[in-house]
Amino acid sequence: MDPNWFTALFDDHYENVMNNAGRYVSDGFAGTSSISGFGGSVGDGYGNYNSEVQDDDLNQQDDNDGGDLFWHRECDRTKLVICTAGALTMYYNTYVYKEPCMNSYNTGMRWLTEILNGHWMRYVNMFRMDADTLKSLALELETMYRLKPFRRMSVIEKVGMFLYTLALGASNREVQERFQHSGETVSRNFKEVLRSVCLLAADFIKPVDPEFTTTPLEIEMNPRYMPYFKNCIGAIDGTHVRACVSQEIQIPFIGRKGIPTQNIMAACSFDMQFTFVWAGWEGSAHDTRIFYEAIGNTNIQFPRPPEGINPKKNMYIYAGKYYLVDSGYPNEYGYLGPYRGERYHLPEFHRRGQPRSREELFNRVHSSLRCVIERTFGVWKKRWRILQTMPEFPYKSQVKIVVASMALHNYIRRKSDQDVAFNKFDSHPDFVPPDTFPDVVPQSQTTGHQSASRMDYIRDAIANSLMGQ
């Protein structure tokens with residue numbers, strides 16, 4: 001061990017104390033001097049007497065000096081003990097004893113209990129879910145996803161701190177004050193819950209029906225889409241959330257949004273649940289590039305649409321499944337896009353009247369059905385404010401936060417029948433929320449001539465059926 005480590009803890013204060021102790025000790029033991037006699041004989045006749053007197057004087061002086069030395073040593077020893085005790089006291093007060101900072105009567109658990117037993121709007125505002133869903137989430141994370149309590153913190157309090165951070169975009173200091181825990185405890189707890197929720201994501205961000213054997217109820221029960229889109233299994237799109245990165249690496253993260261973001265590709269079902277997510281791409285990455293990486297990489301568990309069987313030769317009868325995509329993606333096998341160069345987005349039809357051709361008619365119905373992915377993004381971003389004001393976490397943690405928040409989105413959808421955010425969007429099926437970060441640079445579209453694919457014929461068939469209804 002470095003011998004200067006202990007001294008460095010006290011800076012000048014400890015050094016002064018120990019220097020004084022050393023000086024007292026050295027001065028005390030150096031104060032003893034040798035006692036010298038008179039030397040040879042003083043004279044005849046007096047030799048024996050003087051020698052005897054001298055011996056008596058020397059013995060008496062030795063006794064006196066020995067006594068003085070004893071008390072001097074005892075005094076120095078006492079001073080050394082006092083100085084050492086002072087140094088130890090200074091060390092204890094500075095580095096061992098900590099005056100409690102978070103000493104509010106309203107502790108985190110007491111406040112959490114008050115919220116969960118209070119009006120339903122309070123816990124929805126604080127945690128973005130109802131009390132029963134929060135308790136169920138805490139129980140599942142503890143029993144199935146290895147989230148353990150602390151000695152002074154229960155699992156439900158840990159989950160409450162995590163949800164409070166995501167819901168309000170709260171900083172570490174704000175969570176400290178609200179839950180009355182140290183900054184180190186808050187940080188450690190966030191990492192542990194984030195790890196557990198990412199494990200939960202593997203079970204919740206996937207299709208409920210992996211084989212896509214049934215037609216979604218949202219299509220089957222709506223004559224606008226049935227039977228034209230009966231083989232549609234979901235929608236795919238990309239979105240951006242704010243990224244907090246250092247200035248040295250910001251350039252790749254600044255794309256069409258004009259600010260550092262991460263680009264996220266996601267797929268969703270028609271009940272507004274995420275079935276796939278690939279987060280972590282730089283904001284400048286094009287959606288098409290991410291799309292091709294997702295469907296072409298076998299290591300990524302993308303829920304690919306099952307292929308259909310063509311029962312008749314030389315006829316384009318397609319019984320397979322497909323996703324809906326916008327014009328930024330290729331219109332290829334298993335992914336159905338709109339007609340390019342025609343009106344597509346719903347506000348365009350609101351401003352400029354009804355469709356005038358089969359292509360525009362198809363685009364309007366396609367847009368109305370595909371906007372479920374934009375509505376899903378809207379519910380997700382509105383629920384978790386941290387996505388708009390991402391704190392200075394490591395970038396890998398920021399990516400995990402995106403995945404974890406999507407998993408919680410799906411969890412709430414499955415567990416809560418009366419969620420406020422979902423009910424609002426369910427009651428307004430055509431409502432598409434505006435993008436949190438609008439484009440400052442127009443998004444480039446996939447250019448170049450594409451050879452005809454089976455999806456082109458499927459699209460033409462659906463367009464002709466819509467015109468003939």
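**Figure 1. Accessible surface and overall make-up of the predicted model.** The protein exposes about 26,000 Å², and 53% of this area is supplied by carbon and sulfur atoms. The model shown is predicted. Of the 469 residues in the protein, 41% are buried. The secondary structure consists of 17 helices and five strands. Where contacts in the protein link residues at least 6 apart in sequence, 68% of them join residues at least 24 apart.

**Figure 2. Close-up of strand S2, residues 261–268.** Strand S2 is mostly covered, with eight of its eight residues buried. In a regular strand, side chains alternate between the two faces of the sheet. In S2, Thr261, Asn263, Met265 and Ala267 point one way, while Gln262, Ile264, Ala266 and Cys268 point the other way. The residues of both sets are all buried.

**Figure 3. Close-up of the pairing between strands S1 and S2.** Strand S1 spans residues 232–242. S1 and S2 run antiparallel and are joined by eight bridges. Arginine 242 stands opposite threonine 261 in S2; Thr261 is among the buried residues of that strand.

**Figure 4. Close-up of the hairpin of S2 and S3.** Strand S3 comprises residues 274–282 and pairs with S2 in the antiparallel sense over six bridges. Cysteine 268 stands opposite phenylalanine 274 in S3. Cys268 is buried and points the same way from S2 as Gln262, Ile264 and Ala266. Five residues lie between the two strands of the hairpin, in which methionine 272 takes a positive phi near 65°.

Note on methods. Residues numbered from 1 in each chain as written. Predicted model: local features only at pLDDT ≥ 70, side-chain atom pairs only at ≥ 80, totals over all residues. Heavy atoms only, no water. Helix = DSSP H or I, 4+ residues; strand = E, 2+ residues; numbered from the N terminus. Buried < 20%, exposed > 50% of the residue type's maximum accessible area, 1.4 Å probe, protein only. Contact = heavy atoms within 4.5 Å. Areas by Shrake-Rupley, 256 points an atom, 1.4 Å probe, with all protein chains shown as cover. Pairing = 2+ DSSP bridges.
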